[in-house]
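Here is a briefing on two interfaces. Please look over the sequence and structure first.

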Number of protein chains: 2
Amino acid sequence: MSAAPSIPPGSDPVVEVIRAAIVRGDHVPDQRLVEVDLAERFSVSRGAVRSALLQLGNEGLVERIPNRGARVRAVPPAEAIEITEVRMVVEGLCAAKAAQRVTDAEIAELREIRAEMIAAVEAGEVVIYSRLNNRLHRRLVELSGQATTGGALERLRGQSVRHQFRLALQPGRPAVSLPEHLAIIDAVCGRDPVAAEQAARGHLGSVIHALRMSADTASSRAS
Amino acid sequence: MSAAPSIPPGSDPVVEVIRAAIVRGDHVPDQRLVEVDLAERFSVSRGAVRSALLQLGNEGLVERIPNRGARVRAVPPAEAIEITEVRMVVEGLCAAKAAQRVTDAEIAELREIRAEMIAAVEAGEVVIYSRLNNRLHRRLVELSGQATTGGALERLRGQSVRHQFRLALQPGRPAVSLPEHLAIIDAVCGRDPVAAEQAARGHLGSVIHALRMSADTASSRAS
DNA sequence: CAGGGCAGGATTGGCGACAATATCGTTGCC
DNA sequence: GGCAACGATATTGTCGCCAATCCTGCCCTG
């Protein structure tokens, strides 16, 4: 394995573990994160947990109130939409760049992902599809060669994973997102920057639309 | 000058002080940042400095090598260009949103900035103009109502301030950027989202072009 | 019975000291 | 004369303790 794990080097392992625990859903939004609990849970010192929570705090994953501790932040739907809007334009840019720089080997890799996605949807394997989804988006940004951008996007995405995931589980959702994903892949493999940008924008635009619907039904159901 | 609480809330004051010192140029790129030096320089404990460097590290302003300390990161021109490309699309989005949401009072404020910019350029006050420039960009993002986006942009911008500033000092540069800024302001004040997005993109596209030229001359001069 | 004040417990914040590690200068050897 | 190993120093990383702050439940009072 050659290279480049997405956020590997230098990043505190404790941060990764806690982040993973939150993303995985071990901790629900608004749940308190007590330093000593986490410390003995992961068998590390309290200082390590402390600095990890600090970092996760300014990544926006947890909310830190002075003298009152940290809790996992509940990202409101409006903010998830906002984040996705930014992703729409930035990933559009990245898709265009990727289309310009993609190599033959990378095209083969994308085609492989493409085939796996189709297979996953046909088999009704939503969680596999969801994972391929993340992998595709991340790989496209990597292919664009924009390292700094990738970091910023990763952080943004981290805050909306929960919403993204809930969306992916909606029945019928894969059927609409699959062709959009295929369009992105085809445009990049065809080395057509304009089409790639349009396809990426179109896809995330569709995600935004779905998020809006989801937010509406949630609020009306609450009444 | 009262207060420009650009990133005020909750943020550790020590982080702000060190960040300001770096941005101001007190520390040149690649210069080592020794914890105890900074600690006594700012009359705070080493722990405070330590956690501040941690945070600045994952903001990308300083580079931290394990067991070897922190140094202010030298942002290569290619990366400054990359960052500006992202700003181009994101601030384009924000300008469009701002054009939709701007209030009459805010339009008056923008017109005031507009007048000050023209005056600064006519008077040849480049540093005042540069400051107005930053204020305009920041205000536009605020007006778009995208808080999370604003944070991400702020972080990105922090890494390229040095390049931005050097650019602003180039003779003839204000003459080309001023009309672009005016176009953005006019589009937003005219509540025309499409024009605002185009204007913002055009402006940052021009900045990218200038950065490329600057990078070229710098590399040829180095030979 | 309701409201306000008060103590007890729990949790975070900060500080200092100690241990681990890298860097640099020196010395000795080939 | 150059190179390698070694020791001294400077700097970072981590741990444990104590002070500050906040929340909870209880008791006293009106």
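Between domain 1 of chain A and domain 2 of chain A, two residue pairs are in polar contact, both at pLDDT 80 or more. A polar contact is a pair of N or O atoms within 3.5 Å; within protein, one must be able to donate a hydrogen and the other to accept it, and residues adjacent in sequence count only if both atoms are side-chain atoms. This is a predicted model, in which local features need pLDDT of at least 70 and side-chain atom pairs count only at pLDDT 80 or more, while totals for chains, interfaces and linings use all residues. Residues are numbered from 1 along each chain as its sequence is written, chains are lettered from A and ligands numbered from 1 in the order in which they are written, and side-chain values use heavy atoms, with hydrogens and water left out.

**Domain 1 against domain 2, chain A**

- On the domain 1 side, α1 (13-24) and α3 (46-59) of chain A each give two or more residues to the surface touching domain 2. Helices are DSSP runs (H or I, at least four residues), numbered from the N terminus.
- That side of domain 1 has four nonpolar, four polar and one charged residues. Ala, Val, Leu, Ile, Met, Phe, Trp, Tyr, Cys and Pro count as nonpolar, Asp, Glu, Lys and Arg as charged, and the others, Gly among them, as polar.
- Domain 1 spans 13-72 and domain 2 spans 77-222. The bounds come from an automatic or database domain assignment.
- Their centres, taken over C-alpha atoms, are 28 Å apart.
- Nine residues of domain 1 contact five residues of domain 2 (heavy atoms within 4.5 Å).
- The two domains bury about 480 Å² between them, 52% of it on carbon and sulfur atoms. Buried area is the accessible area (1.4 Å probe) that two parts lose on being put together, summed over both.
- The rule finds zero salt bridges across this interface. A salt bridge needs a side-chain nitrogen of Lys or Arg within 4 Å of a carboxyl oxygen of Asp or Glu.

**Chain A against chain B: area**

- 22 residues of chain A contact 22 residues of chain B.
- The chains bury about 1,800 Å² between them, 52% of it on carbon and sulfur atoms.
- A:Asn58, A:Glu82 and A:Thr148 supply 28% of the area that chain A buries against chain B, more than any other three residues.

**Chain A against chain B: pairs and elements**

- Two salt bridges link the chains.
- A:Glu85 pairs with B:Lys97 in a salt bridge, with the closest N and O atoms 2.9 Å apart.
- Twelve residue pairs are in polar contact, both at pLDDT 80 or more.
- α3, α4 (77-101), α7 (147-168) and α9 (193-222) of chain A each supply at least two residues of the side touching chain B.
- α4(A) gives the most to that side, with nine residues.
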